[in-house]
Amino acid sequence: MATIDKSIIKEIAEDLNCGCTCYYNFKTKEVIAIPNFLDGFDDFDDDEFKAPTEEDFTEIRPLESSESFKIMELFTQQLPENTLKQELERALRNSKPFQNFKYLVETSEFRAPWFSFKQTETEKHVAFQLNEE
């Protein structure tokens, strides 16, 4: 299989991180991103938001919650020993880990590094899925 352009992998990862399910056409290199908030709208008829039915499109699944949790753990592990690292470790062990992790990271000096780390890990997820096809 031909190598997939890194800009396409980046684009798909960004769309996944924004809450979309993506479809990729290997022949035309077209990416279609469909917002996940439409999942519950069975009567929604707008063709702009329908999943492609052509055989040429491959679905790129969003991260499972267990995969997202693992990314949060990996990020926490690579932080320097400090109060935030301890708070994040505690947040991941307690109830509502996603909500508490998000609050702690987004109100810290590690907000930008977190988003960069998450993007890189999501790109690995996308590349793996596309290379499996």
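**Figure 1. Surroundings of H125 in helix α5.** H125 has its place in helix α5 of this predicted model. Its relative accessible area is 10%, and because residues under 20% count as buried, H125 is classed as buried. When residues up to four places away in sequence are set aside, H125 touches L16, R61, P62, L63 and E67. One of these residues, P62, is 63 residues from H125 along the chain, and the C-alpha atoms of the two are separated by 8.9 Å.

**Figure 2. Overview of the protein chain.** The protein chain contains five helices and three strands. Followed along the sequence, these elements occur in the pattern α-β-β-β-α-α-α-α. The protein chain has 133 residues, of which 34% are buried. Among contacts between residues at least 6 apart in sequence, 58% join residues that are at least 24 apart.

**Figure 3. Packing of helix α2 with helix α5.** Two packed helices are described by the angle between their axes and the distance between the axes. Helix α2 comprises residues 65-78 and helix α5 residues 111-132; they pack at an angle of about 130°, and their axes are 10 Å apart. The two helices are therefore oblique to each other. The crossing in which α2 passes α5 is right-handed. On the side of α2, the contact is formed by E67, I71, M72, L74, F75 and Q78, and on the side of α5 by P113, W114, F117, K118, E121 and H125. By class, the residues of this contact comprise seven nonpolar, two polar and three charged. H125, the subject of Figure 1, thus appears here among the α5 residues of the contact.

**Figure 4. Packing of helix α2 with helix α4.** The axes of α2 and α4 cross at roughly 40° and come within 11 Å. In this pair, α2 passes α4 in a left-handed crossing. Helix α2 contributes S65, S68, F69, M72, F75 and T76 to the contact, while α4 contributes P97, F98, F101 and V105. Seven residues of the contact of α2 with α4 are nonpolar and three are polar, with no charged residues.

**Figure 5. Surroundings of M72 in helix α2.** M72 lies in helix α2. This residue belongs to the contact of α2 with α5 and also to the contact of α2 with α4. The relative accessibility of M72 is 5%, and M72 therefore counts as buried. Apart from neighbours within four places in sequence, M72 is in contact with L92, F98, F101 and W114. M72 and W114 are 42 residues apart in sequence, and the distance between them in space, C-alpha to C-alpha, is 8.7 Å.

**Figure 6. The nonpolar cores.** The largest nonpolar core has 14 residues, and those touching the most other members are F75, L79, L84, L88, F101, V105 and W114. Two or more residues of this core come from each of the elements α2, α3 (83-93), α4 (97-106) and α5. Helix α3 supplies the largest share, four residues. L88 touches T76, L79, F101, L104 and V105, with residues up to four places away in sequence not counted. A second core of 13 residues is separate from this one, and its members include I8, I9, I60 and V126.

**Figure 7. Loop residue K29.** Most residues other than glycine have a negative phi. K29, which is not a glycine, has a positive phi near 65°. This residue is found in the loop between β1 (20-25) and β2 (31-35). K29 has a relative accessible area of 55% and is therefore exposed, the limit for this class being over 50%.

**Figure 8. Loop residue K96.** K96 lies in the loop between α3 and α4. Although K96 is not a glycine, its phi is positive, at about 55°. With a relative accessible area of 55%, K96 is exposed.

Notes. Residues numbered from 1 in each chain as written. Predicted model: local features only at pLDDT ≥ 70, side-chain atom pairs only at ≥ 80, totals over all residues. Heavy atoms only, no water. Axes fitted to C-alpha atoms, helices over the stretch in contact; angles between N-to-C directions. Parallel < 35°, antiparallel > 145°, perpendicular 65-115°, else oblique. Left-handed = near helix turned anticlockwise from the far one by under 90°. Contact = heavy atoms within 4.5 Å. Nonpolar A, V, L, I, M, F, W, Y, C, P; charged D, E, K, R; others polar. Core = buried A, V, L, I, M, F, W, Y, C linked by side-chain atoms within 4.5 Å. Buried < 20%, exposed > 50% of the residue type's maximum accessible area, 1.4 Å probe, protein only.
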